[in-house]
Structure formats: C-alpha cells, structure tokens
Amino acid sequence: MMDTALPVRIVLSHTSHPGNVGAVARAMKNMGLSELHLVNPCEYRDYEAYARASGADDVLNAAVVHPQLHSAISDCGLVFGTSARQRHIPFVPVEPRDCAAQAVQVAKAGNRVAVVFGSERTGLQNEELALCHHLVTIPTSDVYTSLNLAMAVQIIAYEIFLAARGECAAPERDEPLATIDDLERMYVHLSDVLEGTHFRDHSQSGNLMSRVRRIFNRAQLDQRELRILRGMLTALQDKQQA
Ligand code: SAH
C-alpha cells in the first residue's frame, strides 16, 4: 500500500456525463489518487455519479470545480494533456508508462503534477493543450482510438500507481519547477519584448507563439532557469526603452 498520496491531480475538462465523473473518482481511489479537479463540469452530484463512484464518494465530494483549465493547473510544475488524436501542433506523444515515470519523479521532488482529460464529445481544445507540457496518447487499435473517459483515467492512474510503487531513486532536480502561472507570465513578457522588435514570423503559419510554447514546455524549466530568462527579457526591454 502507498502510505502518502502523491500530489498528482486528475483534471477533467467539460465532462458531460455524471456517471463518468463517478467512475473516474473510483478509478483514482483504486490507484491511490485523491485530487480531482473539474473544469466547467455538468451537474455531476447525482445518483449515477455516486453509483459509479461506489466506495469513492470521498473523492467525488472533495472534487474542486474551476471555471477554466488555467485555474485548475496554475500551481502545477508539470502538466500532461491526454488525447487520442494527433493535433496540428506537433507534440511528440508520450506513452502512459513514460508519463507515469516522469509524473512520479517530479511529484516526489515536491512539485504538483496534473494529468488533464477532455470532454467525451470533443476532447481537449487546442488552447487547453497549449497549457500542457506534454501530450499523452494511450496506444490503441487504429480502427478505434478513443477510449471511454474513465477508462483512459484508469490506465494512466494504474501506470502512476505502478511507477510510484517501483520508484525509490532520488529526484534528479532539486530546484522546484516553474509553475503554469510562472510560464504564462514569461510568455506574456516574451510577447511584449517581441512586439518591441522588428521580429517577423516568416513561417506565416500564424501559430508562432504555440510553437514557442512547445519549446519551453518541453524543456520543463525550473524556477531558477525561469528567473534567468525573465532577467534576459527585462535586459532586452531596458535596451529597447533606452
Ligand atoms: N471525441 C473525443 C474523444 C474524447 S474521449 C476526441 O475526438 O478527442 C474523452 C477523453 O478521454 C479524451 O479527451 C482524453 O482525455 C481521453 N482519451 C480517450 N482516448 C484516449 C487515448 N487513446 N489516449 C489518451 N487519452 C484518451
């Protein structure tokens, strides 16, 4: 048995079936997770949800509701989005086992980690995925790639459980990771600095900032690295204004 719960949060965005919310609560409790956050969910505290949660009413009752994804993950140092589909922005998808190994290592080093799941009908929106460090795809048959929401959570939570059970190595990094809030402030700063230059997006693809985000998100910046970048941006800004 795992003695202390890992700070790994499951976030469900725009879930439309109460039964799925209940089934997710159960999948989490089975695997030792307890932090459930819901972004703009359906009315979920009904008979169906409690029936599917079964012995995990406590996880369901403690669920935290947010108006949008940003506030559900703003304090997290590592965020995984999940999707069955390939998106326009080229993420290199991570498999659940690698996601779990990273999640456990980063969580054990004291950072908050989130795994975000999309709605049953449309999945995660591109703007939501842009907030995530990595995209996780559960390998499936090519014929039908989309799992039921709670089953997708079950698979990721199971991998996290196994990784937590096996993990005893010391964390690689001692500096806390930059949180989503820190990163968002850096992106605003970077955009401001770029606006003050004659920089042009020659790719003409119109999604320059999405690609820039991908670079920094992949790097999983820690707070010291983020302070260095912010310092550089401020120095450039001072030069622009001089
Ligand atoms: N019709 C939606 C599918 C939603 S399934 C779409 O086209 O995107 C509901 C959620 O379960 C997804 O948003 C994702 O979070 C998760 N999910 C389902 N299948 C998955 C898979 N193969 N890999 C990773 N996540 C998956």
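Visitor: Why is Q105 called partly exposed?

Guide: In this predicted model, Q105 has a relative accessibility of 22%. Buried requires a value under 20%, and exposed a value over 50%. Q105 therefore counts as partly exposed, because 22% falls in between.

Visitor: Where is Q105 placed in the chain?

Guide: Q105 belongs to helix α5, which comprises residues 96-108. Its C-alpha atom is separated by 8.3 Å from that of A164, although the two residues are 59 residues apart along the chain.

Visitor: What makes the pair formed by R121 and the ligand a polar contact?

Guide: A backbone N or O atom of R121 lies 3.0 Å from a nitrogen atom of the ligand. The cut-off for such a pair of N or O atoms is within 3.5 Å, so the pair qualifies as a polar contact.

Visitor: How do you know that I138 and L147 also make polar contacts with the ligand?

Guide: For I138, a backbone N or O atom is 2.8 Å from a ligand nitrogen atom. For L147, a polar backbone atom is 2.9 Å from a ligand nitrogen atom. Both distances are within 3.5 Å, so both pairs count as polar contacts. The protein covers 91% of the 550 Å² of accessible area that the ligand has on its own.

Visitor: Which residues surround the ligand, and of what classes are they?

Guide: The ligand is surrounded by 21 residues, the closest being T82, R85, I138, T145 and L147. By class, this shell has eight nonpolar, ten polar and three charged residues. The space that the ligand takes is the largest pocket.

Conventions:
Residues are numbered from 1 along each chain as its sequence is written. This is a predicted model: local features need pLDDT of at least 70, side-chain atom pairs count only at pLDDT 80 or more; totals for chains, interfaces and linings use all residues. Side-chain values use heavy atoms; hydrogens and water are left out. A residue is near a molecule or strand if one of its heavy atoms lies within 4 Å of it. A polar contact is a pair of N or O atoms within 3.5 Å; within protein, one must be able to donate a hydrogen and the other to accept it, and residues adjacent in sequence count only if both atoms are side-chain atoms. Accessible areas come from the Shrake-Rupley method with a 1.4 Å probe; for residues, only the protein chains shown count as cover. On a 1 Å grid over the protein atoms alone, a cavity is a set of points where a 1.4 Å probe fits but cannot get out, and a pocket is an open set with protein on both sides within 12 Å along at least five of seven lines; lining residues have an atom within 4 Å of a point. A molecule sits in a cavity or pocket if more than half of its atoms lie within 2 Å of its grid points. Ala, Val, Leu, Ile, Met, Phe, Trp, Tyr, Cys and Pro count as nonpolar, Asp, Glu, Lys and Arg as charged, and the others, Gly among them, as polar. Helices (H or I, at least four residues) and strands (E, at least two) are DSSP runs, numbered from the N terminus. Buried means under 20% relative accessible area, exposed over 50%, partly exposed in between (1.4 Å probe, protein chains only).
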